Amino acid sequence: MNDGSPGVLFGPFSLTARLAVGGTSEVYLAKPMGVPGLPDVVVVKRLLPHLMKELDGQSMFEREAKLHQAVKSDNVVRVFMTGVIEEEPYLVMEHVDGVDAYRLFRRLRQSKFALPPSVAVYLVDNLLAALGALHGAARRDGTPLTIVHRDVSPSNIYLSIHGDVKLGDFGIAVGDSLTSMSGGFKRLVGKLGYLAPEQVGGETSDHRADLFSAAVVLCEALFGEPLFSGNTQLTMLLAIRDCKVPQLTEKADMLPKGLGAILERALARDPKQRYSSADEVRVLLAPFVGDRAAAKRLLGDLVLKAKTSAHST
């Protein structure tokens, strides 16, 4: 197995920095050498060493790549290729020059700076564009793929210094026509504070769970703090299960007129009472974005500051 330390070679890739470590894999910033069709800088995803014998990394990455490649959207992180080097599977993805929304939100909290509503809505509008493309993806013959992301959360939303917004990490996504799983899903997966009530309650879930998660992200962007929190995991689970969101009332004065009502429906406990599609929500949110070019520039400036701050610490 190749050494995973930054600065070493991994097949035709020079790993320059480790960007993050997750539950099953780690990702590196890398420079491809002699690989046609790839940009100068990419991200290489590798299975964690201690899981090499436990998981079928090759099948896992190939499945993730198929899901990514099935969704045609500029708001989704591109996957270029997958393969195996010295019996170690890997995935090569687009590098988004910036930070993820988790890091941006954290920096804003630390600096006590509130994200302007127009920028918060712009960010989530782009997220919803990605979800619309994902939920509507189909085979060439028109057969719906029924993809559900299941982990829509700030750490999987990548923001560039140019104000681009891209959804990534389809590692636990499901799709009826691309995986062995079908129908609704019941196993609790994803980041706890962003799950829908039906997920934590063990009920059957569908694409509307992703839309609920997007609304949770929007609330965090607007209010400057996570929507669901608690001293214990049980406290948070119960708050989500019962869909207790007092912030919509307590912080109503922070919201432009009319936005609170949209959020209330988007965060309904019963999925049938929520909006039926990402496009439906985007239409309603459009007036709150205002000047899209200005919102994009400001988001890019904030991302650049967050990136610079992260590198200086």
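Hi everyone, let me start with a definition: two residues are in contact when they have heavy atoms within 4.5 Å. What we have here is a predicted model, where local features need pLDDT of at least 70 and side-chain atom pairs count only at pLDDT 80 or more, while totals for chains, interfaces and linings use all residues. Residues are numbered from 1 along each chain as its sequence is written, and side-chain values use heavy atoms, with hydrogens and water left out.

With that in hand, take Ser25. Which residues does Ser25 touch, not counting those up to four places away in sequence? They are Lys45, Arg46, Leu47, Leu48 and Phe61. Ser25 sits in strand β3, residues 25-32; strands are DSSP runs of E with at least two residues, helices are runs of H or I with at least four, and both are numbered from the N terminus. With a relative accessible area of 9%, Ser25 is buried. Buried means under 20% relative accessible area, exposed means over 50%, and partly exposed is in between, using a 1.4 Å probe and protein chains only.

Now the whole chain. It has ten helices and eleven strands, and 49% of its 313 residues count as buried. The radius of gyration is 19 Å, which agrees with the value near 20 Å for a compact globule with 313 residues; that radius is taken over C-alpha atoms, and the globule rule is 2.2 Å times the number of residues to the power 0.38. Along the principal axes, the C-alpha atoms fill a box of roughly 55 × 45 × 45 Å. Among contacts between residues at least 6 apart in sequence, 63% join residues at least 24 apart.

On to the rings. How many aromatic pairs does a search of the whole structure find? Three. Rings of Phe, Tyr and Trp (its six-membered ring) pair if their centres lie within 6.5 Å; planes under 30 degrees apart are stacked, over 60 edge-to-face, and the rest tilted. Phe10 and Tyr90 have ring centres 5.7 Å apart and planes at 90°, so this pair is edge-to-face. Phe10 is in strand β1 (residues 9-10) and Tyr90 in strand β6 (residues 88-94), so the pair ties together parts 80 residues apart in sequence. Phe10 is buried at 0% relative accessibility, and Tyr90 is buried at 6%.

Tyr90 has another partner: the rings of Phe13 and Tyr90 have centres 5.8 Å apart and planes at 65°, so they are edge-to-face too. Phe13 belongs to strand β2 (residues 13-21), and 77 residues separate it from Tyr90. Ring pairs thus join Phe10, Phe13 and Tyr90 into a cluster. Arg46, which we met as a contact of Ser25, lies over the face of Phe10, at 4.1 Å from the ring centre. The rule there is NZ of Lys or CZ of Arg within 6 Å of the ring centre and within 35 degrees of the ring normal.

Next, helix α2, residues 101-110. Its buried residues are Ala101, Leu104, Phe105 and Leu108. Why do they lie on the same side of α2? Because they cover an arc of only 95° around the axis, where the arc is that of the directions from the helix axis to the C-beta atoms. After α2 comes Lys112, with a positive phi, near 55°.

Last stop, Arg78, in the loop between α1 (57-70) and β5 (79-85). Is Arg78 buried or exposed? Exposed, with a relative accessible area of 52%. Leaving aside neighbours within four places in sequence, Arg78 is in contact with Met93 and Glu94.
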